[in-house]
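Please open the structure in a viewer and keep the sequence beside it. The stops below say what to select next and what is there.

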Amino acid sequence: MPVEISPERIAELTEIEAAKLDKKTQKSKEMYARAQKHLAGGVASSYQLRDPWPIYLEGGSGPRVWDVDGNEMWDFHNGFGSMVQGHANPIIGKAIADRYPKGTHFAAPTEDAIVVGDELARRWNLPKWRFTNSGSESTMDAIRIARAYAGRDTVMKIFGSYHGHHDTVMVSIGVPYGEIGDKDDLKSLPYGAGIPDATVQMTVAVPFNDADAMERRIVALDKEGRKPACVIMEAAMMNLGVVLPEPGYLEAVREITKKHGIVLIFDEVKTGLQVAPGGATELFGVLPDMVTLAKGLGAGLPTGAIGGTEEVMSVVEDGSVYQVGTYNGNPLGVAAMRANLLDVLTPDAYKHLAHLNDRIVGGCQDVVDKYDLPGYAVGIGSKGCVTFAPEKVVDYASYKEHQNGPLADLAWLYNMNRRIFMTPGREEEWTLSITHTDEAVDAFVAVFDEMARDLTTD
């Protein structure tokens, strides 16, 4: 049985570690005060917020970053999983530098876009591609294409999954455990204000890892005249830490969506190039009708992509759907994508990431076992986490019921105070880069061991 960790002990250590972090980030405090004058909330995105102030960064190189106070850290945050190439990667830098003098924007096609499309088609086994500028744009456009192809409006998603910040998918993401609802009739709830109720009610959520519940909801919606146009989902959930699909689940979802004539979209913004050359689609061996990419695709530049079958993407090719964007296929972006795909994220790069992730997952699990902690380590590709829960998390409901949020918050503080830059938030995970080393991974595990020791000894 896992040891029972006192909430009082967690609170005591949290107070100590928070004071340490505040003391060493005084320039971030000053910068936050400056930022509040004209930046709403003092940041460029609400996800950058942190109480009492966010940590402002000044630079990064390879696997390291520096904040404005001069603190040097191993970066396991990596831009919410975007920088799997490492910071200031020289191959990406050369591609951008070579492109810049030739012109940075035309709103016209270039050859690099063709090369990138060819490579994405090869990796994902989906023949038709379009570009966007972010993950949110990718999922937004993919849903529009799916609706046009299916001729229906309702969207089905996984309860607790995040698919970007447009209205259709800002539904049933983060809510208290008691508001989730019955698994066969999960509630559609807005994620924040400003989302029209009509849009909220047009998006229906189902639990992860329960294909039977998905099919029952599809049948019920069909009887109501609201059959979904598409199911958009992550093949592995990536905003509850990491929640892997149970054996046979994805195959069942593929069969169900085909049977009911529903477009299956794998949102690979967080998995994509970060877990395998062909993303979760390759890793789990299940081919959807569409995939959405962003984050790791552009090596830090704002890029995204949508891939699909000939059939689904026909509504783009015949002009039915206007998939548009002035910066879609921007020359700097596609130059970075081309170098990233052909010269950076090579087979050897993925072997290195697999080695590192095996090492960090194994090291963290050893710490869990050594101290009998209530939790477990899990990871795929470059991504992973320690889930602080006494039972396996398989969906949002089990995550909310069992996850120890204060312990996750404490782990973030321990990391930040010991030169490990981690993604803030209880739901986040680490992302490795190809520039990380055994030394970096061992440093991460050592910090986790120190926290476990402090929690379980007087």
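**Stop 1: the seven-stranded sheet**

Select Val155 and Cys230: Cys230, in β7, is the bridge partner of Val155. This is a predicted model, in which local features need pLDDT of at least 70, side-chain atom pairs count only at pLDDT 80 or more, and totals for chains, interfaces and linings use all residues. Residues are numbered from 1 along each chain as its sequence is written, and side-chain values use heavy atoms, with hydrogens and water left out.

Strands here are DSSP runs of E with at least two residues, and helices are runs of H or I with at least four residues, numbered from the N terminus. Two strands pair if DSSP finds at least two bridges between them.

Now extend the selection to β5 (residues 155–158) and β7 (residues 230–233), which pair in the parallel sense over three bridges. Both belong to an open sheet of seven strands with mixed pairing, in the order β4-β10-β9-β8-β7-β5-β6. Its edge strands, β4 and β6 (203–206), each pair on one side only. On average, neighbouring strands of this sheet are turned by 20° against each other, direction ignored.

Add helix α6 (residues 135–150), which packs on the sheet and touches β4, β5, β7, β8 (263–267), β9 (290–293) and β10 (304–308). The direction of α6 makes about 160° with that of β9. Contact means heavy atoms within 4.5 Å. Angles run from 0 to 180 degrees between N-to-C directions, with axes fitted to C-alpha atoms, for helices over the stretch in contact.

**Stop 2: Met214**

Select Met214 in helix α8 (residues 211–223). Is Met214 buried or exposed? Met214 is buried, with a relative accessible area of 0%; buried means under 20%, exposed over 50%, and partly exposed in between (1.4 Å probe, protein chains only). Leaving aside residues up to four places away in sequence, Met214 touches Met156, Ile158, Val206, Val231, Tyr249 and Val253.

**Stop 3: two hairpins**

Go to strand β1 (residues 57–61) and β2, an antiparallel pair with four bridges. They form a hairpin with two residues between them, and Gly62 in the turn has a positive phi of about 60°. Strand β2 also pairs with β3 (residues 72–75), antiparallel, over three bridges. That hairpin has four residues between its strands, and Gly70 in the turn has a positive phi of about 85°.

Select Val65 in β2: Gly60 stands opposite Val65, and in β3 the bridge partner of Val65 is Met73. In a regular strand the side chains alternate between the two faces of the sheet. Along β2 (residues 64–67), Val65 and Asp67 point to one face and are buried, whereas Arg64 and Trp66 point to the other and are not.

**Stop 4: the three-stranded sheet**

Next select β11, β12 and β14, which form an open antiparallel sheet in the order β11-β12-β14. The edge strands, β11 (376–380) and β14 (430–431), each pair on one side only. Five bridges join β11 to β12 (residues 383–387), and Ile380 has Lys383 in β12 as its bridge partner. Helix α14 (residues 347–371) lies across these three strands, at about 170° to β11.
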